[in-house]
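Please take a moment with the sequence and the model before reading on. The paragraphs that follow go from enclosed spaces to domains and then to charged pairs.

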Amino acid sequence: MIAIPYFTALTTYISYGLLFLFGQLRDNFRKCFSWGTNNLQGYAPICLGLEDFYTRRLYLRIQDCFGRPIASAPDAWFNVVERYSNDNNKTLKRTSKLSRCLNLGSYNYLGFAAADEYCTPRAIESLKKYSPSTCSSRVDGGTTVLHNELEKCVADFVGKPAAIVLGMGYVTNSAILPVLVGKGGLIISDSLNHNSIVNGARGSGATIRVFQHNTPSHLEEVLREQIADGQPRTHRPWKKIIVIVEGIYSMEGELCKLPEIIAICKKYKVYTYLDEAHSIGAVGKTGRGVCELLGVDTADVDIMMGTFTKSFGSCGGYIAGSKELIQYLKYTCPAHLYATSISPPAAEQIISAIRVILGEDGSNRGAQKLARIRENSNFFRSELQKMGFEVLGDNDSPVMPVMLYNPAKIPAFSRECLKQNVAVVTVAFPATPLLLARARICISASHTKKDLMKALEVISQVGDLVGIKYFPAEPKKQEEEGKIAKLE
């Protein structure tokens with residue numbers, strides 16, 4: 001749980017209260033005079049409700065902080081397209097000007113999103129040989145030798161007998177879960193699981209119960225209660241129970257307490273579903289994720305899910321498990337049966353990246369990347385904490401949220417960083433609870449020490465300006481902040 005400072009929580013509530021109050025007054029005033037009515041006669045409004053109000057009155061005012069177009073590969077530095085607005089941010093227009101910015105927002109954990117001496121030539125060759133798309137689903141004409149090779153490569157990499165790959169990471173969760181469990185089944189989900197898991201669980205028709213984030217003791221309480229009560233109304237035994245957790249939680253940067261959760265699942269004989277979208281390839285001695293990092297046998301995890309959009313510089317997702325499970329999914333999963341298969345160049349990129357990570361390219365670049373992402377992440381998190389920022393997450397995690405809280409500080413922090421050529425991602429409702437807005441910093445192995453020092457200097461200055469240093473800075477750090485530029 002995040003302990004929000006009392007004064008910060010109070011001012012945040014007041015800020016949102018004022019925004020809501022004046023927004024409602026403006027809406028009622030507009031409604032009285034029928035200004036801006038675009039509804040067809042007799043039709044109900046197509047956009048209605050709190051989400052629509054939030055979008056118009058809050059999001060649109062700061063939308064320049066989101067969806068910034070880039071004009072280069074998402075490497076350690078990238079080109080951000082400058083935009084402007086002539087109508088108070090309702091619409092944004094692009095210019096021909098580019099800003100060269102330090103990239104602290106992309107999931108380019110191992111640096112494979114940019115041109116790579118091993119991966120890029122092979123991806124280009126596969127583009128020439130197979131074209132950009134198979135233009136077909138896997139069961140029709142969409143399976144190439146690359147897809148079969150990729151599935152074997154992924155299964156071996158994560159330590160499972162078999163795997164299935166899909167063209168989109170989000171769909172991997174949202175399409176697989178309804179196939180795995182249905183009516184009469186029970187899904188027990190961490191309260192902060194990703195939206196793809198939430199949608200997949202809702203679409204399954206199974207009963208859903210939530211346990212407190214990363215709290216194994218509460219998970220056991222929920223399990224005991226649900227097993228004792230059984231299905232609603234009938235109280236029959238559950239047909240199937242699946243516990244779903246993430247390896248690294250994307251909005252918190254926290255590592256899952258996997259050993260404890262596995263022990264509870266084995267005790268009550270329920271299935272475990274592990275989402276490693278942000279952990280596979282990024283943590284562990286050889287990049288094999290939280291199981292390797294925390295010393296968990298992959299045989300104890302029934303279903304392993306991950307994506308290729310982070311550490312591997314590509315797209316798509318995978319499910320790894322027993323041969324019987326994967327065969328069943330290939331017969332029944334709509335994302336495999338009906339969706340276009342993963343692009344062949346994207347598949348080759350993943351295969352090549354895994355080979356580099358494992359050292360099969362004949363170099364030790366993979367080991368160097370893994371060491372660098374770990375060192376960069378731990379150094380950057382430690383320095384932010386010393387400056388007085390409230391930083392979430394655990395050591396070794398490349399995801400580090402910096403808490404902002406107040407709605408006015410969301411655009412202020414983002415815009416001030418951009419002015420100094422540092423691009424950050426800010427996250428607010430509905431991706432986070434209303435009071436817990438944050439800036440989510442993602443560190444890459446491609447960042448040099450000089451890059452990190454530059455980022456720390458800018459973030460420290462902006463943090464002082466915006467007022468988001470909620471803890472006193474360490475005395476030693478206060479003395480050194482003025483000397484950061486001279487250290488390199």
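In this predicted model, the second largest cavity has a volume of about 30 Å³, and its lining is made up of Arg138, Val165, Leu166, Gly167, Ala335, His336, Ala339, Thr340, Ser341 and Ile342. Two elements of secondary structure, the strand β3 (162-166) and the helix α11 (334-337), each supply at least two residues of that lining. By character, the residues around the second largest cavity divide into five nonpolar, four polar and one charged.

The structure holds two cavities of 30 Å³ or more, and in the largest cavity there is about 40 Å³ of space. Around the largest cavity stand Pro74, Asp75 and Ala76, together with Asn103, Ser106 and Asn108, and the lining is completed by Cys442, Ser444, Ser446 and His447. The lining of the largest cavity divides into three nonpolar residues, six polar ones and one charged. Such spaces can be found because rolling a probe the size of a water molecule over the atoms shows where empty space is left.

Turning from the cavities to the overall layout, the protein is divided into domain 1, which is written in two stretches as 47-103 + 367-466, and domain 2, which spans 118-358. In the contact between them, 19 residues come from domain 1 and 17 residues from domain 2. The C-alpha centres of domain 1 and domain 2 lie 28 Å apart, and the area buried between the two domains is about 1,300 Å², of which carbon and sulfur atoms give 59%.

What is the count of salt bridges between domain 1 and domain 2? The count is one salt bridge. Elsewhere in the description of charged pairs, Arg438 is found to form a salt bridge with Glu252, and the closest N and O atoms of this pair are 3.2 Å apart. Side chains of opposite charge can pair when their charged atoms come close.

In total, the structure holds 17 salt bridges, and one of them joins Asp300 to Lys266, with the closest N and O atoms 3.5 Å apart. Asp300 lies in the loop between α9 (290-294) and β8 (303-307), whereas Lys266 belongs to helix α8 (residues 258-268), so this pair ties together parts that are 34 residues apart in sequence.

Terms used: Residues are numbered from 1 along each chain as its sequence is written. This is a predicted model: local features need pLDDT of at least 70, side-chain atom pairs count only at pLDDT 80 or more; totals for chains, interfaces and linings use all residues. Side-chain values use heavy atoms; hydrogens and water are left out. On a 1 Å grid over the protein atoms alone, a cavity is a set of points where a 1.4 Å probe fits but cannot get out, and a pocket is an open set with protein on both sides within 12 Å along at least five of seven lines; lining residues have an atom within 4 Å of a point. Grid points are joined across faces, edges and corners, and a volume is the space filled by probe spheres set on the points. Ala, Val, Leu, Ile, Met, Phe, Trp, Tyr, Cys and Pro count as nonpolar, Asp, Glu, Lys and Arg as charged, and the others, Gly among them, as polar. Helices (H or I, at least four residues) and strands (E, at least two) are DSSP runs, numbered from the N terminus. Domain bounds come from an automatic or database domain assignment. Contact means heavy atoms within 4.5 Å. Buried area is the accessible area (1.4 Å probe) that two parts lose on being put together, summed over both. A salt bridge is a side-chain nitrogen of Lys or Arg within 4 Å of a carboxyl oxygen of Asp or Glu.
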